[in-house]
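Thanks for coming, everyone. I would like to walk you through one structure this morning, going from the overall picture to a few side chains, and I will ask you to keep the sequence open beside it.

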Amino acid sequence: MKKAFFLFGFLSLGFFSFSQQSYTINDETLELDTAVEGNLDLLWTIDNGTYRYFVKTNSGDIQELVNTKNAETRKYQEEYKSVLNALTEGYGVPTDQVNLTLYSLEDFFNTYNATTDLSYNYEPRAKLQTRLGIFGGITNQPLVENPNNASVPFFGLEFELFEATKLPRHAMFFHFRHALEADDFEYTSTQIAIGYRYRVINKDRFNVYGNLKLVTYDFGNATYTSNTPEIGTYEDSFSGIDIPFILGIGADFRVTENGYITFAYHDIYALFSDNSDNFPIDFALGFKMNL
């Protein structure tokens, strides 16, 4: 075991030694990583917890990309954009949306290198798109004990994250919902969930999907009736994280260029959590829009 550990450490040390190179820039010696290599190289390092980025040309000239704040106006001056504009002038690669982050700079450098060198190959990163939705509906809390099978209203918000393609099938969603109580079912709950969505039918004007809530955090209050007459009814609060794998289905119908009416049948069945004996009622109507 020790031999394997030392071998792994030796190989790791060798990997990092080859992934970095020493440069002297303005009398400062730095160990820099190469993020992009082409007609323009993107170099970077972390110096005392701060990311620093550099551009290297074919002639070997290296300039640091900086974004300093004006002491009087307190506005960032975006000097790095001026440097990139000067180096890429005439090739139509805009810098107005470039941020001083590794992700954004890599995208810019790759785009420029592919524009100026037809043999330059790289896989463009998938861009992400988001949607925000509101919804409301009725539920009989199918995953908790509900002796009278009472139904109560609920409402919530949803944030959806997916690949920015024409018809994306896969998505992650963040779900917030709050259910009220009824006279004969004094149980109120709030849920925050993270889940996965797959669009089974995926058309331009509508889509039908399956939901899987992976992780939930629930909290709320409930009133119980004790079997002991002396105790009677009593209130209790609850909270906790669970991995229930709750199944649901839904459908979105495009009504504007960026807006959708959505219908959902949420908590149908939980694979790894208790299910009520009642037939599950958890229907919602809502509206989503692209951000």
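Before I name any element, let me say that the strands I refer to are DSSP runs of E with at least two residues, numbered from the N terminus. By that convention Arg-52 has its place in strand β4, and I will come back to that residue once the general picture is in place. Please bear in mind throughout that this is a predicted model.

So, how far does the confidence go? The average pLDDT of the protein is 87, and 89% of the residues score at least 70. Over residues 1-18, however, the pLDDT is below 50, and that stretch has zero contacts in the model beyond near neighbours in sequence. Where pLDDT is low, the predicted coordinates should not be read in detail.

As for the overall make-up, the protein has three helices and 14 strands, and of its 291 residues, 36% are buried. If we take the contacts between residues at least 6 apart in sequence, 50% of them join residues at least 24 apart.

Let me turn now to Arg-52. Is this arginine buried or exposed? Its relative accessible area is 13%, and because the cut-off for buried is under 20%, Arg-52 counts as buried. Its side chain makes a polar contact of 2.9 Å with the side chain of Glu-28, and another polar contact, also given as 2.9 Å, with the side chain of Asp-47. Leaving aside neighbours within four places in sequence, the residues in contact with Arg-52 include Leu-30, Leu-43, Trp-44 and Glu-64. Trp-44, for its part, belongs to an aromatic cluster together with Tyr-51 and Tyr-53.

From there we can move to helix α3, residues 102-116. With 15 residues at 1.5 Å a residue, the helix should span 21 Å, and its end C-alpha atoms are indeed 21 Å apart, so expectation and model agree. Its buried residues are Ser-104, Leu-105, Glu-106, Phe-108, Phe-109, Asn-110, Tyr-112 and Asn-113. What covers the buried residues of α3? The cover includes the strands β2, β3, β4 and β5 as well as helix α2.

Next, the aromatic rings, for which the count comes to 14 pairs. One of them is formed by Phe-108 and Phe-109, whose ring centres are 6.0 Å apart and whose planes stand at 75 degrees, so this pair is edge-to-face. Phe-108 is buried at 4% relative accessibility, and Phe-109 is buried at 1%. Phe-245 and Phe-272 also make an edge-to-face pair, because their planes are at 65 degrees, with the ring centres 5.3 Å apart. Phe-245 lies in the loop between β11 and β12, while Phe-272 lies in the loop between β13 and β14, so this pair ties together parts that are 27 residues apart in sequence. Phe-245 counts as partly exposed, with 25% relative accessibility, whereas Phe-272, at 56%, counts as exposed.

My last region centres on Glu-158, which is found in strand β7 and is buried, with a relative accessible area of 7%. Which side chain does Glu-158 meet in a polar contact of 3.0 Å? The partner is Arg-197, and the charged end of Arg-197 also sits over the ring of Phe-173, 4.6 Å from its centre. A comparable arrangement to look for on your screens is Arg-199, which lies over the face of Phe-162 at 5.6 Å from the ring centre.

Among the other residues in contact with Glu-158, beyond its near neighbours in sequence, are Arg-131, His-175, Lys-288 and Gly-133. Gly-133 lies in strand β6 and is buried, with a relative accessible area of 4%. The C-alpha atoms of Gly-133 and Gly-286 are 6.9 Å apart in space, although the two residues are 153 apart in sequence. Gly-133 is also in contact with Phe-287 and Lys-288, among others.

If you keep one detail from today, let it be Arg-52, a buried arginine whose side chain is joined by polar contacts to Glu-28 and to Asp-47.

Key. Residues numbered from 1 in each chain as written. Predicted model: local features only at pLDDT ≥ 70, side-chain atom pairs only at ≥ 80, totals over all residues. Heavy atoms only, no water. Phe/Tyr/Trp six-rings, centres within 6.5 Å; stacked < 30°, edge-to-face > 60°. Buried < 20%, exposed > 50% of the residue type's maximum accessible area, 1.4 Å probe, protein only. Helix = DSSP H or I, 4+ residues; strand = E, 2+ residues; numbered from the N terminus. Lys NZ or Arg CZ within 6 Å of the ring centre and 35° of its normal. Polar contact = N/O pair within 3.5 Å; in protein donor to acceptor, adjacent residues only side chain to side chain. Contact = heavy atoms within 4.5 Å. Expected span 1.5 Å × (residues − 1). pLDDT = per-residue confidence, 0-100.
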